[in-house]
Amino acid sequence: MRIRRVDAEERLTTAFPLAAYAFESSPPAADRLDRARRYAPYNEDSVNLIAEVDGRTVAAVAGIPMRQNVRGVVHRMAGVAAVVTDPLARRQGHARTLLTRLLGDMRDDGHVVSALYPFRPSFYERFGYAGMPRARRATFAPADLAGLQRADLPGEVDWGPVADRYDDFRDLTLRLLGQRHGFAVFPERRGHVLRDLEPRWLATARVDGEVVGALTYRIEGYGGELVGDDLLVTGPLGRALLLRFLARHVDQVSRASVLVGADDVPELWVTDLAARTEADVSFPRRGGPMARVLSLEALAGVAAGPGRVAVEVVDDPFVAGRYVLDGGSGRLEVTRGDGPAPAATLTVAGLSGLFYGVLDPVEARLRGLGTVPDDAAAQLRLLFPRQIPYLFADF
């Protein structure tokens with residue numbers, strides 16, 4: 001097997017046919033390649049690897065250079081996408097080999113964390129990925145927001161094609177990147193797919209000229225549903241302004257829906273709001289996101305609690321080793337080497353779950369992701385308080 005990197009143009013004739021077979025309806029539409037060619041310029045920042053046997057592409061993977069907020073610090077993140085294998089070459093280790101090579105190359109280039117959407121979480125858990133909560137879809141009737149139409153709110157909302165207001169949208173996402181744990185953004189060129197190719201409206205909420213909220217959306221016909229994407233706001237005022245805008249569609253659509261983080265509670269947004277909030281998780285199509293640590297030492301400096309513990313990370317080509325983790329200063333300090341005997345042993349999936357705030361140390365032990373005695377669990381719990389991440393970028 002030969003592994004090589006291809007550019008966005010060559011990907012169209014090597015990796016793309018496998019990706020289309022794996023993720024799209026088939027046999028393909030006649031214009032499938034033309035559609036893919038329109039997207040190719042937006043993927044020029046990606047790292048595309050293919051595996052070849054006798055000159056034939058048998059597997060492929062793509063890495064997207066992104067940025068993500070991890071406990072208050074923005075780091076470079078490797079977004080993994082389009083992990084595919086020819087049906088006749090599956091179960092032969094090609095995807096494992098490619099993914100390991102991709103993560104190693106991107107780690108060497110300075111990407112210290114990675115995230116993806118899995119077809120099967122158990123497969124990626126073996127690569128060190130820990131599950132993260134999927135965004136919830138909140139659905140409600142615009143009529144339930146009637147009180148907001150009478151509210152005296154400072155600020156205003158404007159709306160129009162996303163192409164006309166994309167810069168405001170991008171600026172807001174970059175601000176939220178610095179504020180919200182788990183939030184991630186595409187490289188600028190990849191982000192322009194929304195501006196240039198996606199049929200969306202964009203509503204932006206402003207206070208004193210500053211954008212405090214944004215929502216991209218589409219409308220599924222008269223009397224149907226206003227389907228929103230992520231409800232992006234800097235605080236309650238931005239949210240209230242956007243909800244008031246949705247309320248003004250009361251005689252146009254029967255319901256509206258938006259995506260929110262797992263820590264949000266839409267039923268408390270206004271009084272008498274009958275909202276259905278759900279996360280639709282299924283496999284292989286709609287798995288929740290997963291993330292992992294690629295370099296523990298590079299994550300020194302993230303916010304941490306006042307714990308201190310020696311750990312050993314096992315079974316990983318990138319992070320395995322002994323470390324002392326200390327949060328006494330309020331920021332994580334990482335010392336690698338032969339220090340004190342480790343008080344806990346963790347797989348990278350267990351370590352990643354603690355870092356991202358989605359696992360308690362005892363849960364890591366119960367799920368077979370490490371050996372964590374109670375005293376070590378207490379220190380790890382202090383170091384990495386539970387914190388619900390919101391992985392905004394749906395790649």
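Tutor: Let's start with a word we'll need: a pocket is an open set of grid points with protein on both sides within 12 Å along at least five of seven lines, and its lining residues have an atom within 4 Å of a point. Keep in mind that this model is predicted.

Student: Okay, so which residues lie nearest the centre of the second largest pocket?

Tutor: Those are Arg-180, Val-233, Thr-234, Gly-235 and Asp-264, out of 15 lining residues. The pocket's volume is about 280 Å³. Strand 13 (232-233), helix 9 (236-247) and strand 14 (255-260) each give the lining at least two residues.

Student: What makes Asp-54 count as exposed?

Tutor: Exposed means over 50% relative accessible area. Asp-54 has 82% relative accessibility, so the label fits. You'll find Asp-54 in the loop between strand 2 (47-53) and strand 3 (56-70).

Student: And why does Asp-315 count as exposed?

Tutor: Try the cut-off again: over 50%. Asp-315 comes in at 71%, therefore Asp-315 counts as exposed. Asp-315 sits in the loop between strand 17 (308-314) and strand 18 (321-326).

Student: What is the phi of Asp-315 near?

Tutor: Near 60 degrees, which is a positive value in a residue other than glycine. Asp-54 has a positive phi too, near 55 degrees.

Student: How do you know that Leu-325 touches Leu-332?

Tutor: Contact means heavy atoms within 4.5 Å. Leu-332 is among the residues Leu-325 touches, and so are Leu-296 and Phe-384. Both Leu-325 and Leu-332 are among the residues with the most contacts inside the largest nonpolar core, which has 64 residues.

Definitions and conventions
Residues are numbered from 1 along each chain as its sequence is written. This is a predicted model: local features need pLDDT of at least 70, side-chain atom pairs count only at pLDDT 80 or more; totals for chains, interfaces and linings use all residues. Side-chain values use heavy atoms; hydrogens and water are left out. On a 1 Å grid over the protein atoms alone, a cavity is a set of points where a 1.4 Å probe fits but cannot get out, and a pocket is an open set with protein on both sides within 12 Å along at least five of seven lines; lining residues have an atom within 4 Å of a point. Grid points are joined across faces, edges and corners, and a volume is the space filled by probe spheres set on the points. Helices (H or I, at least four residues) and strands (E, at least two) are DSSP runs, numbered from the N terminus. A nonpolar core is a set of buried Ala, Val, Leu, Ile, Met, Phe, Trp, Tyr and Cys residues joined through side-chain atoms within 4.5 Å. Buried means under 20% relative accessible area, exposed over 50%, partly exposed in between (1.4 Å probe, protein chains only). Lists of a residue's contacts leave out its neighbours within four places in sequence.
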